[in-house]
Amino acid sequence: MSEALRRSQKISGYGFIAPAVAIYVLTFIFPIFYTVFLSLFAWRGVAGTPMEYVGLANYTGLLSDSFFWDSLENNIIWFGLHVTIQLSLGFIFAVLIYERPRGWLIYRNAVFMPVVISVAVVGMMFQKIYNPLLSPINELGRIIGWEWLAKSGFLSNPQTAIYACGVVSLWRWTGLTMVLFIAGLQAISPEMFESARICGATRWQTLRHVTIPLLKPIFAVNLVNILTGCFQVFDLIWVMASIETGPPRATSVLSTYLYVEAFKTHSLGVASAIGVFELLIAFIPVLILLRVMKIHQLAWR
Amino acid sequence: MRVKITRNTLIRLLTEYPFLWLATLLGIFPLYWLISNSLKTEAALFANPLAPPSWPVVTGNWLNAWAGGPVNTPLIRPLLNSIGLTFSAVALILIISSAAGYAFSRFQIYGGNLIFSFIIMGLSVPIHATLVPLVVLYNFIGILDTYFALLLTFVAVNLPFSVLLMRAYFVSIPEEIAESARIDGASEVRTFWSIMLPVARPGLITMAIMNFLFVWNDFLYSYTLVSSREFWTLPRAVYAFVGVYGLFSFTSLLAGMAIAVAPTLIIYFIFSKQLISGVAAGALKG
C-alpha cells in the first residue's frame, strides 16, 4: 500500500467514524458521567432550586428506602419468571418447530407475532383483557363455578399483579427466544443428528447429548438478552399497572421508580443514583458475555 | 418395529400437536380479542367478550378512535409522525453506522479498536440510566419537545448495536472488492458508497428491520422527550386515550389500540420471513 493511499485512508477513516463518535459522546459518554455527577447532588430540575452537593446521601437514602428494595425485588422476580419460563418455552417450541411438523409455519408465525407489536400497546390491551368482567380466565371461573377465580382481578391484587404483568411479557417475548433457538438449530449440521440417529439414540438422548451442548452459545445469548431486558422493563409495567403517580409498590421496578423520582417527584439526584445502580447491574451481562466468548473460543478449538 | 413407529407417532400426535396448537391459540387470542371486540357495540362486548362480532360489524369505534375521541387528537398526525420518524431514524442509522462499521473494519485508525470497544460498551448501558441527563442536555441545547430530540435519541440508542453488526458484516466481505475499486481510481467515499454498500445489502436489511421494530414501537422516549401533542407517536397518542377512559367508550379505546397495532401486523404478514430471519441474524451477531 502506498504512503499516499494510506494517508488518504487515514483521513477518510476519521471522517467515516466522526458522526457515530460524535453522537456516541453526546448521548452515551456525557450522560453516563453526568448521571454519576448528578447523583451526588440534591436538585429539583432546571426550573427549581439550585443544585446542592449532598455527597452520598442519595445512595444511603436509597439503601434505607423500602420502596427501592421492593422495586429491585420485583425486577428479580421478573427475571426469575423470564429466565425459567421464557427460556424453556422458547427452547421447547424451537425444538418442536425445527423438525417441521405439519403446519410449522403457522405455529412459528403465531408465537413470533407478538414480538413485532409495541410493548406499550400490548400492555394497554392486556390491562383491558384482565378486567374481571371481561377476562376469559374469570369467564372460566364462572363456568366451572369457582367463585374465587371468577371474581379475582389478577392485575389489581397486589399479590398477583407482578406475575400478571409477567405473563404478558412472556407472551410478548417468548417468540424471540424461540426464533434465536431455531436459528441456532439450523446452524447445527444435519450430520450431527443423523449420526446420533444411526447410533440408536432416542429423541431424548439426542436432545440431552447433542442438541443442548451444541446450543450453549444460543442459551448464553438468550440469557444475556433476558437479563438486559428484565432490568430495563418499563413500558409494559407503566401502562399496565400504574396510576397517575406511577406504579404502586406491588409492581414498581427500578426503571419505573427512576422515572417517578425524576419526572413526578422531581428528585433528579435520587433518580440519578438509581441510574448509577442500574449501570452497575448492567455490567453483569457484560461479564457473562466475556465468559461466552471463551465458550466460543473453546468451540473453535 | 412397525408397532414402535406407530406408537411413537401416536404419542407425538397426542402430545406435540395439541401443545403446538395451544401455543398458536394463545399467541393469536389476545389480538383476536382486541380486533373482534373493537368491531362490536359496548353492550355486545360485555355480553360476551369471546364471541365474534355480529355482521355487519360496528365501524363507529374505529372512526371514533381515528377522529381522536375526547382527547381531540386525530390519529392521522401521530401516524404520520411515527412513519416519518421511523423512516428518517432508520435511514440515518443505516448511513452513520455503516460508515463507521466500514471504517472500523478497513481503515487504520489511531486507537480504532479502543474507540470501537467503547462504542460496543454502549450495548450494556440501560436506557433509563441516561434518561435524566438526556432530558437536561436536550433542554440545554433547546431541542427538548421537538422531533430532533426523538430522532437523535433513536439514532443514538441503536448505534452501538448497528455499528457492531455492520462492522461484522464488512469484515466478512473480501478486501479484493474494495481494492479493485481503488485501482480504478475511486475515492474512499465513492468506494464505500457505490461498491461496498450495495455488497452489504443483506446486512443493511437486517439492520433496518431491527431498527424499524425498535423505533416504531418506542413508547418511553415519546412519553418523556416530547410533551406537545403535535410530536406524539402512535403508541403515545393511544396511551392518551387510556387516560381519559370514562369519557371514551371501551370499544373505541380498543379500536384505538387496534389502529396502533395494525401497521405492524400488516408489515408482519407481508414480510414475516424476512423479519424472522433478520431478527435472528441481528440478535445472534449482536
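## Two domains in chain B

Chain B splits into domain 1, covering 2–58, and domain 2, covering 69–285. This is a predicted model, so take the geometry below in that spirit. The C-alpha centres of the two domains of chain B sit 34 Å apart. Where they meet, domain 1 of chain B puts in eight residues and domain 2 of chain B puts in seven residues.

On the domain 1 side of that contact, the elements giving two or more residues are α1 (2–38) and α2 (42–47) of chain B. Helix α1(B) has the largest share there, with four residues. As for chemistry, this side of domain 1 of chain B is a mix: three nonpolar, three polar and two charged residues.

## Overall build of chain B

What is chain B made of? It's helices and nothing else on the secondary-structure list: 13 helices and zero strands. Is the chain compact or spread out? The radius of gyration of chain B comes to 24 Å, while the globule rule gives 19 Å for 286 residues, so the chain is more spread out than a compact globule. Along the principal axes, its C-alpha atoms fill a box of roughly 75 × 75 × 35 Å.

Even with that spread, 45% of the 286 residues of chain B count as buried. Long-range pairing is a big part of the contact map too: take the contacts in chain B with a separation of 6 or more, and 77% of them link residues 24 or more positions apart.

## A closer look at Leu204(B)

Leu204(B) makes a handy local example. It belongs to helix α10 of chain B, residues 201–217. Why does Leu204(B) count as buried? Because it has 20 C-beta neighbours inside 10 Å, and the cut-off for buried is 20 or more.

Setting aside neighbours within four places in sequence, Leu204(B) is in contact with Leu94(B) and Ser98(B). The Leu94(B) pairing spans a fair stretch of chain: 110 residues separate it from Leu204(B) in sequence, yet the C-alpha to C-alpha distance is 6.8 Å.

## Where chain A meets chain B

The contact between the chains draws 74 residues from chain A and 67 residues from chain B. On the chain A side, helix α1 (residues 3–38) of chain A gives the most, with 22 residues. Sorted by type, the chain A side that touches chain B has 54 nonpolar, 14 polar and six charged residues.

## The nonpolar core

Which residues have the most contacts inside the largest nonpolar core? They are Val121(A), Val179(A) and Met257(B), in a core of 157 residues. Domain 1 (2–58) and domain 2 (69–285) of chain B both give residues to this core, so it lies between them.

Val121(A) shows how the chains come together at residue level. Leaving out residues up to four places away in sequence, Val121(A) touches Pro235(B), Val238(B), Met257(B), Ala260(B) and Val261(B). One of these partners, Met257(B), is also among the residues with the most contacts inside the core.

## How far to trust it

The model scores ipTM 0.89 and pTM 0.90. For chain B, pLDDT averages 86, and 96% of the residues score at least 70.

Where in chain B is confidence lowest, and where is it highest? The low point is helix α8 (residues 175–183) of chain B, with a mean of 77. The high point is helix α4 (residues 76–106) of chain B, at 94.

Notes: Residues are numbered from 1 along each chain as its sequence is written. Chains are lettered from A and ligands numbered from 1 in the order in which they are written. This is a predicted model: local features need pLDDT of at least 70, side-chain atom pairs count only at pLDDT 80 or more; totals for chains, interfaces and linings use all residues. Two residues are in contact if their C-beta atoms, placed from the backbone, lie within 7 Å. Ala, Val, Leu, Ile, Met, Phe, Trp, Tyr, Cys and Pro count as nonpolar, Asp, Glu, Lys and Arg as charged, and the others, Gly among them, as polar. A nonpolar core is a set of buried Ala, Val, Leu, Ile, Met, Phe, Trp, Tyr and Cys residues joined through C-beta atoms within 7 Å. A residue is buried if 20 or more other C-beta atoms lie within 10 Å of its own, exposed if 12 or fewer, and partly exposed in between; C-beta atoms are placed from the backbone. Domain bounds come from an automatic or database domain assignment. pLDDT is the predictor's confidence in each residue, from 0 to 100. The radius of gyration is taken over C-alpha atoms; the globule rule is 2.2 Å times the number of residues to the power 0.38.
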